[in-house]
Every structure is written in C-alpha cells, then in structure tokens.
Amino acid sequence: MDPAALRTAADVMTAIVLEAAPFLLLGSLCSALLATFAADRVFLRLAGKKRPAQVALGLVAGLAMPTCECGAAPLARRLLRKGAPAGAVIPFMLAGPVLNPAALAATWTAFRGDWRMAAWRALLVMLPAAAMGVLLSAGRDANILRPDREGAASEGCACCSGRAHAPGSNAAGLLLDVLRRTGREFLDMGRFLILGAAAAALCKTFLPQAWLLNLSTNLWLSVPAMLLLAVLMSICSSADAFVAASLPMIPQPALLAFLALGPMLDLKLAPAYLGIFRARPARLLIVAPAAMVFILCMGLGLAGALE
Amino acid sequence: MTRESFRSGFQDRMEGAILLGLGGSMVEPALATRLYRNLLNPKFEPLTLCAGALLGLCGLALLLRPEHGHGTTPRLFRQAVMLAFLCIAATAWDHMLRPPQSAGAPRTQARAAEAPIPASPVRAAEPVPARPADQAAIPTEGPALTVDGVRYVRLNIAELAMLLDKKNARAPERFAIRARLTRPARLGGTSLLARTAIVCCLADSLDVGFLARGLDGIPTGRWVEVCGRLAPLSAAERLKAKAGAPNGEAAFQVIDRARGVVAEHVRLIPEPDPPFLYEFHDAEPFAWR
C-alpha cells in the first residue's frame with residue numbers, strides 16, 4: 001500500500017476528528033447538563049403529548065439547540081434516557097443538524113443566495129425525520145435504546161443508571177459531576193466519531209470520486225451516486241453545501257439528495273446508531289431515511305420541480 | 001491510597017488520562033498555527049482551543065477525582081480506539097511539520113525562488129500582444145498592482161471561480177492570481193493553474209482550477225503569480241477541462257469548463273505555507289493570498 005496515500009488518509013482522519021470533536025463535546029456537555037440538572041418529569045410530560053405535537057416539537061428543537069450531527073447523537077441518547085419520547089427525539093436528532101440557523105445560512109450562502117435550495121433541503125430532511133419519529137415511536141418496543149454496559153458504566157453505577165447520580169450539593173460538586181459526565185459521554189460517543197472518520201478517510205483516499213461524478217448526466221444514476229457520496233464522504237452539515245455548490249454539473253435533485261442525506265446518515269453516524277439503539281431501530285435509521293430521500297429526490301427530478 | 005481504592009478508580013483515571021491526551025491533541029495544533037492550517041480552516045481555531053481546554057478539565061476531573069465503587073467495568077474498546085487515534089494524530093502531525101507541500105505535490109519539490117520571468121508567447125489563436133513586460137516592476141504585496149499602465153486586481157483563484165459562478169457579480173476584467181502550475185496527463189499536457197480551498201477541513205477541500213495559456217516556458221510544479229484575463233475555452237479545451245485533474249489531497253476538483261486564464265505577465269513565487277485558501281470575498285478588497 002502506498003505510504004503517501006496512508007499519510008493522506010491519516011491527515012484527513014485527524015482533520016475530520018479535530019473538526020467534529022468540539023461539536024461532539026458540545027453535545028456531550030448539553031447531555032451532562034441535562035443529566036445533572038433537568039428533572040425527568042419535564043421529559044415525561046412531553047411524552048404525554050400527542051404524537052404530531054411531539055414530532056413538531058422535535059423538528060423545531062434544532063432552532064433552539066443548534067448542533068451538528070456529531071453533537072445531536074449524544075444529546076438524543078440522553079433525552080431518551082431522561083424519558084423524552086422517541087416521537088420528538090428522533091426528528092430532533094435527524095433534522096436538527098440541518099434545521100438550525102447556521103446550516104441553513106451556509107446552504108443559502110453556498111448556493112449564492114438561492115433560498116429555494118435551502119428550503120428544499122429543509123423540507124427533504126423534515127419529511128424523513130418526521131416519518132422516522134412516527135415510525136419509531138409507534139414500534140412494539142417502548143425503549144429503542146440499546147442496553148449498553150459501557151454506556152451504563154458511563155452513567156455511573158448500575159443502581160442509578162439513567163438518573164442523576166446524587167451530584168454534589170455545592171457548586172464545586174455539581175461542576176465536578178458535570179465535567180466527569182461530559183468526559184465519559186465524549187469518550188463513549190467519540191469512539192464512533194473516530195471509527196467513522198477512519199472509514200471516511202480511507203474511502204476518500206482510496207476510492208476515486210470521479211466515477212461517481214461521471215454519472216451526473218443520468219438522474220437515475222446521479223441521485224444514488226450522490227447518496228452514496230454523502231455517506232462515504234461524511235462531510236459536516238455546515239460545510240457540505242459548499243461542496244455541493246461546487247458541483248454544477250450534477251443535477252439539482254442529486255445535489256439535494258447529497259445535502260439531505262449527509263446530516264442524517266454517514267460513516268460517523270451509522271456506527272453511532274448501532275451503538276446507541278437496539279438493532280431494529282438502528283437498521284431503520286440507516287436504511288429508511290436513505291430510501292425516503294431517494295424517492296423524494298427522484299420524484300422532484302422526474303416532476304421537473306427544480307427546473 | 002489503598003490498593004482496592006486505586007483499583008476502584010482505575011477506569012476513571014485511565015479515561016481521565018486519555019481525555020487529557022485528547023485535549024492536548026486539540027490545543028497543540030490550535031496553538032501551532034501552521035499545523036492547524038494544514039488540517040482545518042483557521043476560523044475554527046478558537047473553537048478547537050476551547051474544546052481542547054474543556055476536554056482537559058474533564059480529564060483532570062476524572063483523573064484526580066475518580067468515582068470509587070462503580071464504573072470499574074472495563075472500557076477497553078473505547079480506550080483502545082482513543083489511543084489509536086492519538087497515535088494516528090501524532091503521525092499526521094509529524095507529517096505536517098515537515099517542509100510544506102501543495103495538494104498532491106511531491107514533498108521533495110524545491111521551493112521556487114521569488115524571481116520574475118517573462119510571460120511566454122501567447123498562442124496565435126489568442127490575439128494578445130506578446131509584450132516584453134517589465135516583470136521586476138510587479139509589486140509583491142497589495143490588493144491590486146499596475147503593470148504597463150494596466151491595473152490588475154489581486155484575488156484568489158476560488159474567489160475568481162465564485163464570482164464567475166455568481167449571478168449578479170462580475171469578475172474583474174484584469175486580475176492577478178497565485179496558483180501552482182501543473183500539466184496533468186489527463187489534460188493532454190495543457191497548463192492548469194490550481195489551488196486547494198479549505199472551507200472547513202481537509203475532508204471537504206476543493207481543488208479549484210483554470211486552464212491557462214501563455215505559460216509554456218514555465219516548469220511544471222512551480223508556484224506562480226499570473227497577471228491576466230479570462231478568455232473562452234476552445235472546444236478541445238472544454239473537453240480537457242471536463243476530463244478534470246488527477247486527485248490531489250483535495251476531496252474534489254473543479255475546473256472551469258467555459259473560460260481559461262490568458263497570462264499577460266507572470267512571476268515565480270515561493271510556495272505559500274500552508275498552500276491552502278481559507279478566506280473568500282465576493283468584492284474588493286479580495287482575500288487574495
């Protein structure tokens with residue numbers, strides 16, 4: 001194997017981790033703050049609301065908690081552990097990375113002020129996110145979280161897993177508790193980030209992207225090709241619009257497929273889903289959004305809605 | 001500290017040490033500017049620095065005040081993954097701290113001395129007068145320069161591509177750009193001026209390029225500042241532009257398929273360190289470096 005290519009892969013992997021780590025840490029910090037300070041009853045009250053209200057709340061939560069996909073996953077896990085309903089948490093986890101001011105502004109800027117691309121992108125993320133929220137909250141299993149030994153360890157002891165761990169009563173004790181929780185949460189989710197970054201770096205270095213881009217003339221080929229590219233490249237939701245905008249030869253439905261799927265599924269997120277959720281919900285989270293984005297983008301392309 | 005007490009807090013201490021290492025791995029490149037700029041856009045430096053500091057604090061909390069009596073479950077997998085990343089990051093840094101390299105360029109490439117050389121004659125197809133330019137008069141700094149009474153606006157190659165792509169914007173008629181000159185085999189040996197733009201990190205980098213005329217006498221691989229203008233590509237050149245450039249370090253390559261750069265003056269410049277572009281303006285003054 002070419003040592004120079006391996007060095008490039010190491011550079012790319014390090015760059016991805018360094019770029020994503022602050023956002024993952026932010027998600028871990030929010031998760032720790034929720035675990036330490038937020039009472040479970042707040043989230044249980046949310047579970048009492050009707051499902052459409054849960055989904056709507058989950059979709060708009062991204063505006064209040066702007067975070068990229070790396071930070072959304074640990075936060076979603078914590079919210080579910082605190083008793084928040086999947087009907088709200090899953091739409092937040094999937095749509096939050098796009099439905100936040102930073103990502104929407106980046107899309108608007110990258111496409112030179114064309115608000116339609118930002119609006120289509122938001123819509124193409126909201127629909128699968130809402131559908132997944134409904135689907136996973138209507139499942140047979142009430143608990144979609146995977147029982148995880150390491151996760152439980154990171155919560156504290158088995159006796160109080162999922163609840164606030166009797167934090168210190170004074171400010172120093174609370175701070176110590178938040179810091180320890182943040183660190184453990186970061187390590188627990190960071191392994192998925194690192195494994196995903198390694199896979200993305202190897203794909204980027206050793207798989208030529210040219211053949212994917214050469215499929216640009218045919219809508220039936222370009223949409224799946226760009227879906228595949230979104231997964232393999234694992235680009236952050238705040239930067240992917242600039243990459244998409246630099247590919248004017250690709251049909252717009254295929255560009256939208258790239259922009260919509262990337263924040264919901266990539267090589268960093270797939271192992272995270274498998275680590276956080278039980279097997280069935282994890283498989284659904286990996287397959288269903290991709291299928292829905294494919295159908296929606298093909299529909300848009302065939303209907304000529306983006307002409 | 002009893003042996004039992006140490007054992008009960010060992011996992012937390014171990015993870016605390018790893019977090020300290022990870023925090024250091026973020027603070028170190030953020031402080032060593034050159035290292036950072038080879039991996040990420042410098043606009044993220046403060047964010048990385050804060051995150052590194054917070055990780056360090058989390059590490060200290062676990063290292064110095066571990067929770068006893070629980071949390072002793074081995075967390076070997078995640079610890080091994082983190083340690084492996086630290087080793088890979090160290091390898092990447094070692095690689096980065098060696099002499100600079102452009103996207104896809106061999107490390108052994110010598111740095112060009114900053115020396116003006118005359119632009120090579122322009123093809124007959126292009127009605128541009130081959131002028132004996134006073135190359136030494138090209139200023140090395142400033143947002144614009146004047147040669148032979150003609151004003152050239154300095155901008156970077158990504159800004160030029162962005163302006164050409166923008167609906168309500170006009171690229172300057174005469175401009176100066178800094179780029180690496182290559183003649184990829186896939187382009188049939190045609191001169192290509194290209195540079196890598198990093199929007200966020202190396203993984204989303206873009207090689208932005210223009211085919212160029214009037215650079216025939218300049219060796220491949222050199223960094224140049226070209227004063228020139230745009231001209232439509234011929235049908236043959238359009239086909240070459242479509243073929244694209246070979247992969248460098250950038251994730252994508254974008255070559256303008258309609259226009260190329262006609263060099264009117266050119267001078268060799270040292271390879272920028274780092275060679276990437278991070279800042280893009282859509283009006284004067286441009287972030288031309």
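This is a short tour of chain B and of two helix packings, one between chains and one within chain A. Keep in mind as you click around that the model is predicted.

**Stop 1: chain B as a whole**

Select chain B and switch to a cartoon view. You should find seven helices and nine strands. Of its 289 residues, 54% count as buried. Now turn on the surface: the accessible area of chain B is about 12,300 Å², and carbon and sulfur atoms account for 60% of that area. For contacts in chain B between residues at least 6 apart in sequence, 73% link residues at least 24 apart.

**Stop 2: where chain A meets chain B**

Next, select residues 3-37 of chain A, helix α1, together with residues 10-31 of chain B, helix α2. Their axes come within 11 Å and cross at roughly 115°, and the crossing is left-handed. Show side chains here: A:Leu18, A:Ala21 and A:Pro22 from α1(A) meet B:Ser25, B:Met26 and B:Pro29 from α2(B). Five of these contact residues are nonpolar, one is polar and none is charged.

**Stop 3: a packing inside chain A**

Finally, pick helix α4 (residues 69-81) and helix α9 (residues 171-206), both in chain A. The axes lie 10 Å apart at an angle of about 125°, so α4(A) and α9(A) are oblique to each other. The crossing of this pair is right-handed. On the α4(A) side, display A:Cys70, A:Ala73, A:Pro74, A:Arg77 and A:Arg78; they meet A:Arg181, A:Glu185, A:Asp188, A:Met189 and A:Leu193 of α9(A). Colour this contact by residue type and you will see five nonpolar residues, five charged ones and no polar ones.

Technical notes
Residues numbered from 1 in each chain as written. Chains lettered and ligands numbered in written order. Predicted model: local features only at pLDDT ≥ 70, side-chain atom pairs only at ≥ 80, totals over all residues. Heavy atoms only, no water. Helix = DSSP H or I, 4+ residues; strand = E, 2+ residues; numbered from the N terminus. Buried < 20%, exposed > 50% of the residue type's maximum accessible area, 1.4 Å probe, protein only. Contact = heavy atoms within 4.5 Å. Areas by Shrake-Rupley, 256 points an atom, 1.4 Å probe, with all protein chains shown as cover. Axes fitted to C-alpha atoms, helices over the stretch in contact; angles between N-to-C directions. Left-handed = near helix turned anticlockwise from the far one by under 90°. Nonpolar A, V, L, I, M, F, W, Y, C, P; charged D, E, K, R; others polar. Parallel < 35°, antiparallel > 145°, perpendicular 65-115°, else oblique.
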